[in-house]
Amino acid sequence: MDQHTLDRIRSNDHRALSRVITQIESGQPISDTFFKEVHTLSHDALRIGITGPPGAGKSTLADQLIQILLNDGKSVGVVAVDPTSPFTGGALLGDRVRMNHYLFNDNVFIRSMGSHGDLGGLARKAQDVGDLLAASGKDVIIFETVGVGQGEHDVAKAVDMTVVVLVPESGDEIQLMKAGLIEISDIFVVNKSDRDGAGRLAQSLKAILHTFTQKGKLEPPVFNTSADRKEGVADLYQGIIDHLALMKDEGVLKAKQLERYRNRIFNLIQDRLLRKFWTQEKLDQMELSIQNLELTNTSPHEVANSLLKGSHD
Ligand SMILES: Nc1nc2c(ncn2[C@@H]2O[C@H](COP(=O)(O)OP(=O)(O)O)[C@@H](O)[C@H]2O)c(=O)[nH]1
Ligand SMILES: [Mg+2]
């Protein structure tokens, strides 16, 4: 990656952004110096994760938030992460159609990312993309993710604040707790509040959050919205700003950011060691051991040991 590309990113050139994101997404190697430069540029963008079940209204909500942010003089990057989609770039067509009125707006950049079947990698790549968007000068980066268990948790680690979107049909509190949503949420939204049961869900959510928020953590506020009718979204936006201020004051934000930094180092090391280890030769050697399985009594531990020993040669 050259200085020219970096200059173009810095000057908010969306075509350069697209190109580098494609490189990150497809796992093409990008130099450490490039990320070093990007890091120095990607200072204080606010990163918000919006997660929840498919169809809950995350994209509709993100769309409304973009509008409010633009009116507030802010620029926005959106990374729509769909771990269930093997497609890239053009994935989540519905989202694109819904948000394409920003196509020629320099203050909004929207991009979808699929998983290629590599969930952990996706979260890591999404963070690099977030840095890139921040380096282009975006004030707020929104990560939209379909809630499919681990995906939510990975993305929660990548952001400053996680907004969990539910709908009246989302189920009872026991299911929510089982899904681990309470641990990762900073803010809850009950969307589709035009439907029956929204008030009840919000009430019971508030009750559980009050009971189960751990000591030293902030109790997540709950908002009701009807995103497609633009109802409650302005209140949610104000709630995000207020909660962020509280998170700053209480040191929660700082702790989260340090944890994120630490995690990224762990993940980078892990990725690099694994990539270094699994040479074609090693893969062949393993395949050979597996094919000979019926002929030998070798345990997987033994095979692993012999592969690991070989790696010191
Ligand atoms: N009734 C109702 N429908 C909504 C609301 N918000 C979004 N929708 C609709 O729900 C569907 C899924 O929305 P989408 O934003 O794509 O959900 P996502 O999968 O979570 O991103 C779309 O048809 C929206 O128009 C709402 O507040 N009330
Ligand atoms: Mg969506």
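A residue is called buried when its relative accessible area is under 20%, exposed when it is over 50%, and partly exposed in between. By that convention arginine 10, at 41% relative accessibility, counts as partly exposed, and aspartate 7, at 35%, counts as partly exposed as well. The side chains of these two residues meet in a salt bridge, with 3.5 Å from N to O, and because they are 3 residues apart in helix α1 (residues 3-10), about one helical turn separates them. The structure in which this pair is found is a predicted model, and the description that follows should be read with that in mind.

Taken as a whole, the protein contains 14 helices and 7 strands, and buried residues make up 45% of its 313 residues. Among the contacts in the protein with a separation of 6 or more, 77% are accounted for by residues 24 or more positions apart. The protein exposes about 16700 Å², of which carbon and sulfur atoms supply 53%.

A convenient place to enter the interior is strand β1 (residues 46-52), which is mostly covered, 7 of its 7 residues being buried. Leu46, Ile48, Ile50 and Gly52 point one way from β1, while Arg47, Gly49 and Thr51 point the other way, and both sets are buried. This strand pairs with β4 in the parallel sense over 7 bridges, and in that pairing glycine 52 stands opposite valine 146 of β4. Strand β1 is also joined to strand β5 (residues 161-166) by 4 bridges, again with the strands running parallel, and here isoleucine 50 stands opposite valine 163 of β5.

Strand β4 leads on to the metal site. The magnesium ion (ligand 2) is coordinated by Ser59 through OG and by Glu144 through OE, at 2.1 Å. Serine 59 lies in helix α4 (residues 58-71) and glutamate 144 in strand β4 (residues 140-146), so the pair ties together parts that are 85 residues apart in sequence. Serine 59 is buried, its relative accessible area being 6%, and glutamate 144, at 7% relative accessibility, counts as buried too. Since water is not among the atoms, the site may look incomplete, and the two protein donors should be read with that limit in view.

Helix α6 (residues 119-135) is where glycine 130 has its place, and this glycine is buried, with a relative accessible area of 0%. Leaving aside neighbours within four places in sequence, glycine 130 is in contact with Arg47, Ile141 and Phe143. The C-alpha atoms of glycine 130 and glycine 77 are separated by 8.0 Å, although these residues are 53 residues apart along the chain.

The charged side chains add a further set of links, and a search of the whole structure finds 14 salt bridges. In one of them aspartate 131 pairs with arginine 264, the closest N and O atoms being 3.0 Å apart. Aspartate 131 lies in helix α6 and arginine 264 in helix α12, so the pair ties together parts that are 133 residues apart in sequence. Both of these residues are buried, and they belong to a network of salt bridges in which Arg47, Asp128, Asp131 and Arg264 are linked. Another salt bridge joins aspartate 194 to arginine 229, with 3.2 Å between the closest N and O atoms. This pair links distant parts of the chain, 35 residues apart, with aspartate 194 in the loop between β6 (187-190) and α10 (198-212) and arginine 229 in the loop between β7 and α11 (233-249). Aspartate 194 is partly exposed at 36% relative accessibility, and arginine 229 is partly exposed with a relative accessible area of 46%.

Strand β7 (residues 222-224) contains valine 222, which counts as buried at 12% relative accessibility. Not counting residues up to four places away in sequence, valine 222 touches Phe188, Val190, Ala202, Leu205, Lys206 and Leu209. For the last of these, leucine 209, the C-alpha atom is separated from that of valine 222 by 9.2 Å, the two residues being 13 residues apart along the chain.

The path ends at the surface, where Tyr261, Ile265, Ile269 and Leu273 form a nonpolar patch with about 420 Å² of accessible area together. Isoleucine 265 lies in helix α12 (residues 252-277) and is partly exposed, with a relative accessible area of 44%, whereas arginine 264, which also lies in helix α12, is buried.

Conventions:
Residues numbered from 1 in each chain as written. Chains lettered and ligands numbered in written order. Predicted model: local features only at pLDDT ≥ 70, side-chain atom pairs only at ≥ 80, totals over all residues. Heavy atoms only, no water. Helix = DSSP H or I, 4+ residues; strand = E, 2+ residues; numbered from the N terminus. Buried < 20%, exposed > 50% of the residue type's maximum accessible area, 1.4 Å probe, protein only. Contact = heavy atoms within 4.5 Å. Areas by Shrake-Rupley, 256 points an atom, 1.4 Å probe, with all protein chains shown as cover. Donors = N, O, S within 2.8 Å, 3.2 Å for Na, K, Ca; no water. Patch = residues over 30% accessible without salt bridge, like charges linked within 9 Å, V, L, I, M, F, W, Y side chains within 5 Å. Salt bridge = Lys/Arg side-chain N within 4 Å of Asp/Glu carboxyl O. Pairing = 2+ DSSP bridges.
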